[in-house]
Amino acid sequence: MLQIGDEVVYFSAVFLLVMLGTRSATGASLLTALLYVFMVMFRFPAVPANQAGRVLRPRAPSGGVTVVAHRGGSHDAPENTLAAIREASRNGATGVELDLSFTADGVPVLMHDETVDRTTNGSGPVNKMQFVQLRRLDAAARHRLRERFSGEKVPTLQEAVEECIRHQLTVFFDVKGQPDKAASVLHEMYKKFPVLYNTSMVSSFEPKVIYKMRQTDPNVVTALTHRPWRLSRYGDGTPRTLSSWGQMWTGVLDVLLDWAHHHILWKLCGVSAILVQKDFISQDYVQYWAEREVEVVGWTVNTAVEKDYYQNLLNIGFITDSLLEDCDPHY
């Protein structure tokens with residue numbers, strides 16, 4: 001729950017910023033009041049804590065924290081495939097994180113990138129391909145263990161869900177965009193497989209996706225995914241633009257987005273967790289969110305040293321590319 005002290009600080013800050021910009025106490029008061037009314041009227045309450053707990057801490061392996069295989073465990077098997085889900089279960093994962101995408105004919109499938117180039121023997125955008133075309137591709141073609149997993153297909157969302165249920169794995173559905181279509185498809189999946197309400201979560205970098213999901217089905221556990229400086233830098237830290245003005249502008253937007261995640265968006269969407277890039281997580285950070293009854297999950301945690309830190313010091317769940325060995329992050 002948002003602390004009363006937090007609300008006073010946040011709305012006071014908004015009032016002061018608006019007043020400095022407009023030099024009108026009346027205008028600042030009106031805009032601050034409107035923002036407060038908007039938050040009260042349109043925010044979603046989080047799902048019950050016990051339901052969120054069943055998803056975020058379903059059982060107690062690895063020292064009692066959740067271990068989620070990133071894209072099914074993209075180092076140990078071809079990412080976002082049924083083989084990856086089976087390998088994750090065999091290797092002791094609590095759950096899997098899977099990426100939702102859509103073909104040209106509207107079939108929900110698992111794919112992280114906008115194109116099939118990086119992971120398959122095909123080429124082109126996923127949303128320009130018919131499902132029958134996508135199905136012909138080898139999803140293991142570019143994986144380091146391609147010989148072992150040769151012929152693995154790109155699965156549909158339902159095939160992946162059924163495989164996860166079969167192996168009793170929790171599922172983190174990662175949604176990149178298309179909030180209306182994604183929310184509708186996932187809602188149908190939850191209705192078809194009600195067990196998902198207690199064994200899965202919908203996450204996204206885009207708050208509009210999570211808000212639409214809560215609007216469509218308020219009983220679904222949700223999370224915001226966040227990486228500070230995401231707008232101005234790639235995952236490996238390199239700038240997205242070489243322009244000084246561009247870096248400055250996106251940097252300002254990053255600061256505003258980070259503030260919004262920590263003070264407004266989580267409450268507006270009523271999330272149960274926040275998935276944060278591992279380099280920005282500390283004990284104080286975990287405590288900050290614990291006071292707001294929001295669970296922190298770190299990504300992508302790929303070394304034994306990091307995993308020990310998460311399990312034994314932070315005592316929070318993490319997402320990893322491998323359950324078997326240290327590896328480089330898969331961006």
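## A starting point in a loop

Thr 156 is found in the loop between H5 and H6. Before going further, please keep in mind that the model shown here is predicted. With a relative accessibility of 14%, Thr 156 counts as buried, because the cut-off for that class is under 20%.

What does Thr 156 touch, apart from its neighbours within four places in sequence? Its contacts are Val 107, Pro 108, Val 109, Phe 131 and Arg 135. One of these, Arg 135, comes back below as a partner in a salt bridge.

## The whole protein

Let us step back for a wider view. The protein contains 11 helices and nine strands. Its chain has 331 residues, and 51% of them are buried. The accessible surface amounts to about 15,600 Å², and carbon and sulfur atoms hold 58% of that surface.

How much of the contact pattern comes from residues 24 or more positions apart? Among contacts with a separation of 6 or more, such residues account for 61%.

## Salt bridges between parts of the chain

How many salt bridges does the model hold? The count comes to 18. One of them joins Glu 87 and Arg 148, whose closest N and O atoms are 3.0 Å apart. Glu 87 sits in helix H4 (residues 82-90), while Arg 148 belongs to the loop between helix H5 (131-135) and helix H6 (157-166), so this salt bridge ties together parts that are 61 residues apart in sequence. Its two ends have opposite surroundings: Glu 87 is buried, at a relative accessible area of 6%, whereas Arg 148 is exposed, at 53%.

Arg 135, already met as a contact of Thr 156, forms a salt bridge with Glu 159, and here the closest N and O atoms are 2.6 Å apart. Arg 135 is in helix H5 and Glu 159 in helix H6, so the pair ties together parts that are 24 residues apart in sequence. Arg 135 is partly exposed, with a relative accessible area of 26%, and Glu 159 is partly exposed as well, with 24%.

## A sequence pair and a network

A further salt bridge links Arg 292 with Glu 291, with 3.6 Å between the closest N and O atoms. Is Arg 292 buried or exposed? Arg 292 is buried, because its relative accessible area is 5%. Glu 291 counts as partly exposed, at 43% relative accessibility.

Elsewhere, salt bridges with shared partners connect four residues into one network: Arg 71, Glu 79, Asp 113 and Arg 118.

## Aromatic rings

Now to the aromatic side chains, where the count comes to nine aromatic pairs. In one of them, the ring centres of Phe 173 and Tyr 190 are 6.3 Å apart and the planes stand at 65 degrees, so the pair is edge-to-face. Phe 173 lies in strand E4 (residues 170-175) and Tyr 190 in helix H7 (residues 179-192), and the pair links these distant parts of the chain, 17 residues apart. Phe 173 is buried at 1% relative accessibility, and Tyr 190 is buried at 0%.

Aromatic residues also gather in a cluster. Which residues form it? The members are Trp 266, Tyr 285, Tyr 288 and Trp 289.

## A nonpolar patch on the surface

Nonpolar side chains are also found on the outside of the model. Trp 245, Met 248, Trp 249, Val 252 and Leu 256 make up a nonpolar patch on the surface, and together they have about 630 Å² of accessible area.

Trp 245, one of the patch members, is located in helix H9, which covers residues 244-269. Trp 245 counts as exposed because its relative accessible area, 67%, is over the 50% cut-off.

## Cysteines without a disulfide

A disulfide is a covalent bond between the sulfur atoms of two cysteines. How many disulfides does a search of the whole structure find? The search finds zero.

Two cysteines can still be placed by their accessibility. Cys 164 is buried, with a relative accessible area of 0%. Cys 269 is buried too, with a relative accessible area of 1%.

Definitions and conventions
Residues are numbered from 1 along each chain as its sequence is written. This is a predicted model: local features need pLDDT of at least 70, side-chain atom pairs count only at pLDDT 80 or more; totals for chains, interfaces and linings use all residues. Side-chain values use heavy atoms; hydrogens and water are left out. Patches are made of residues with over 30% relative accessible area and no salt bridge: like charges are joined within 9 Å, nonpolar side chains (Val, Leu, Ile, Met, Phe, Trp, Tyr) within 5 Å. Accessible areas come from the Shrake-Rupley method with a 1.4 Å probe; for residues, only the protein chains shown count as cover. Helices (H or I, at least four residues) and strands (E, at least two) are DSSP runs, numbered from the N terminus. Buried means under 20% relative accessible area, exposed over 50%, partly exposed in between (1.4 Å probe, protein chains only). Contact means heavy atoms within 4.5 Å. A disulfide is a pair of cysteine sulfur atoms within 2.5 Å. Rings of Phe, Tyr and Trp (its six-membered ring) pair if their centres lie within 6.5 Å; planes under 30 degrees apart count as stacked, over 60 as edge-to-face and the rest as tilted.
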